[in-house]
Amino acid sequence: MNEQLSKQLGTTLWAIADQLRGAMNADDFRDYMLSFLFLRYLSDNYEATAKKELGGDYPALEKDDNRTPLAVWYKQNPYEREDFEKALRRKVHYVIKPEYLWSGIVELARTDNRELLDTLQKGFKYIEEESFSSAFNGLFSEINLASEKLGKNYGERNDKLCGVIRRLNDGLTQFSTDTDTLGDAYEYLIGQFAAGSGKKAGEFYTPQQISSILSQIVTLDSQDPATGKKKHLESVFDLACGSGSLLLNVRKQLGANGVGKIFGQEKNVTTYNLARMNMLLHGVKDTEFTIFHGDTLTNDWDLLQEANPAKKPQFDAVVANPPFSYRWEPTEAIGEDVRFKNYGLAPKSAADFAFLLHGFHYLKHEGTMAIILPHGVLFRGGAEERIRTKLLRDNHIDTVIGLPANLFFSTGIPVCILVLKKCKKFDDVLIINAAEHFEKGKRQNQLTTEHISKIVDTYQYRKEEDRYSRRVPLEEIANNGYNLNISRYISTAKAEGEIDLTEINAQLVALEEQIQIATSKHNSFLKELGLPLLPE
């Protein structure tokens, strides 16, 4: 299915969601809607694999038979179930009992069966606890099917869920739902729910247009981007991965086999679950990604706490859109942390550089890091100035990209992208001022394909353009006190056009003649009325 049809599916599902959620806020309804979409994906994938595994033994049912083929096979082959499930675990790494498959859930909803809610609860628990690997542990932990937001009692909640599932299934059956399509629809819905969440959206969603810029940058050759994209990345890491859209965008740039393994950290448990679903919905196998639920700044992930430098995990690409100017409580112990020890701690009022240094610490020497931060990191003083100064003196800041204001759902402030490298070819900093290049929207400003291409192209070929981009020598930056405020290096003032004095004089003469004619005409009326005349 092409991109246009994928968007049509997303639009259809969003219209259903918007109609059905009623008074429920976008955040709450999002979790139900996306979980059901995920269950549909798991079921389709599982049933397709089961059909191949069973071959001619897969039951062929009549059109009016509302049972699931697997339910029939399970009933007919009770002694072969165990071997069958072992085979499916090897191939898709999970098992779903026939009664918990999407087709079975839809049949319960179609008939308004009072067992629907109870079956869903058991099904979610089974998928979490009985799956082959740990990929599904706690996946539906934030889905509260007993919430009064669905209804005051069991009956009302069951009726509400029956309606939601029926409508959702009707929307899905209009389209061919392969993995890419469902994944794209899932991403589209996340974006729509983000728009409805306003400022909360910053917790889990990076707009696709910005995500595209970062992913294109980190997949280019780190030493000489002009040579083009890398063919393969062993690993990519997002230290505040939200719903995982940035990581998936990197994978999309290089193709399904272009990234060896995906790593992410996420503190919010609901968002952490969204990210894991998002990975699987896009066809990323559970062995191809690891998303850790925990605090990035305190770094409680055992994988990243390796004391032996030779065994320290390092990533080919690091991307991030951390929370802007996040307040944190650094301790003396954190001050001695290897991530910060050589640079100092970010201030309590803004952890922006703490997030940056965390990601930079785990970047490979030949890797590229791209991070979205508020403009303040470019010029604020104190501890941030000291960190910025060391990064510049060590020649680790490769590019600064100033973006337009109001691109995010969570904030209207302009932001920047910092591109960092441990091993850098050029002894200057490329500064790109893209702040004035956007398409104005009703709620958010937009970057068009042309705007995105111009930014990436300027980075790739290190182009210089008046009022847009400039390669600034480190000596000049040092002379400016290591202040990276873009306006210090790229003038945004528009040159005044030359004034043709002869033309202006002619215009003034003509205007004077018009005034005299008008005054004379007006005085003729005043004279007839016997009123004082205007001076001529």
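**Stop 1: strands 6 to 9**

Select strand 6 and strand 8 (residues 428-433): the two pair in the parallel sense over 4 bridges. The model on your screen is a predicted one. Now colour two bridge partners, Val400 and Ile431 in strand 8. Next, pick Gly402, whose bridge partner in strand 8 is Asn433.

Stay with strand 6, residues 397-402. How many of its residues are buried? The count is 6 of 6, and the strand is mostly covered.

Add strand 7, residues 415-420. Strand 7 runs antiparallel to strand 6, and 5 bridges join them. Click Ile397 to find one contact: its bridge partner in strand 7 is Leu420.

Go back to strand 8 and add strand 9, residues 469-473. This pairing is antiparallel, with 5 bridges. Ile431 turns up again here, standing opposite Arg470 in strand 9. So Ile431 has Val400 as a bridge partner and also faces Arg470.

Is strand 8 enclosed or open? Of its 6 residues, 6 are buried, so strand 8 is largely enclosed by the rest of the structure. In a regular strand, side chains alternate between the two faces of the sheet. Check each face of strand 8 in turn. Asp428, Leu430 and Ile432 are on one side, and they are buried. Val429, Ile431 and Asn433 are on the other side, and they are buried too.

**Stop 2: a network of charges**

Keep Asp428 selected. Add Asp398, Lys421, Arg462 and Arg471: together with Asp428, they are linked in a network of salt bridges. Side chains of opposite charge can pair when their charged atoms come close.

**Stop 3: charges over rings**

Select Lys454 and Tyr468. The charged end of Lys454 sits over the ring of Tyr468, 4.4 Å from its centre. Then select Lys422 and Phe360. Lys422 lies over the face of Phe360, at 5.5 Å from the ring centre.

**Stop 4: helix 4 and its partners**

Move to helix 4, residues 81-92. Show Phe84 together with Trp73. Their rings form a tilted aromatic pair, 4.9 Å centre to centre, with 45° between the planes. Trp73 belongs to helix 3 (residues 69-76) and Phe84 to helix 4, so the pair ties together parts that are 11 residues apart in sequence. Are these two residues buried or exposed? Trp73 counts as buried, at 3% relative accessibility. Phe84 is buried as well, with a relative accessible area of 5%.

Still in helix 4, select Glu85. Add Lys97. Their side chains meet in a salt bridge, 2.8 Å from N to O. Lys97 lies in the loop between helix 4 and helix 5 (102-110), while Glu85 is in helix 4, so this pair ties together parts that are 12 residues apart in sequence. Glu85 counts as buried at 9% relative accessibility. Lys97 is partly exposed, at 22%.

For the wider view, the structure holds 16 aromatic pairs and 26 salt bridges.

**Stop 5: two more salt bridges**

Select Glu329 and Lys348. They form a salt bridge, with the closest N and O atoms 3.9 Å apart. Glu329 lies in the loop between strand 4 (315-320) and helix 12 (332-335), and Lys348 in the loop between helix 12 and helix 13 (352-361), so the pair ties together parts that are 19 residues apart in sequence. Glu329 is exposed, at 61% relative accessibility. Lys348 is partly exposed, at 46%.

Now try Asp337 and Arg339. Their closest N and O atoms are 3.0 Å apart, in another salt bridge. Arg339 counts as buried, at 3% relative accessibility.

**Stop 6: an aromatic cluster**

Select Phe38, Tyr41, Phe124 and Phe140. These residues form one aromatic cluster.

**Stop 7: the largest cavity**

Rolling a probe the size of a water molecule over the atoms shows where empty space is left. Here the count comes to 2 cavities of 30 Å³ or more. What is the volume of the largest cavity? Its volume is about 60 Å³.

Select the residues that line the largest cavity: Asp31, Leu34, Ser35, Leu139, Glu142, Ile143, Thr270, Asn273, Leu274 and Met277. Helix 2 (26-54) and helix 11 (269-281) each supply at least two residues of this lining. Which helix gives the largest share? Helix 11 does, with 4 residues.

Note on methods. Residues numbered from 1 in each chain as written. Predicted model: local features only at pLDDT ≥ 70, side-chain atom pairs only at ≥ 80, totals over all residues. Heavy atoms only, no water. Phe/Tyr/Trp six-rings, centres within 6.5 Å; stacked < 30°, edge-to-face > 60°. Buried < 20%, exposed > 50% of the residue type's maximum accessible area, 1.4 Å probe, protein only. Lys NZ or Arg CZ within 6 Å of the ring centre and 35° of its normal. Pairing = 2+ DSSP bridges. Salt bridge = Lys/Arg side-chain N within 4 Å of Asp/Glu carboxyl O. 1 Å grid on protein atoms, 1.4 Å probe; cavity = no way out; pocket = protein on both sides within 12 Å on 5 of 7 lines; lining within 4 Å. Points joined across faces, edges and corners; volume = space filled by probe spheres on them.
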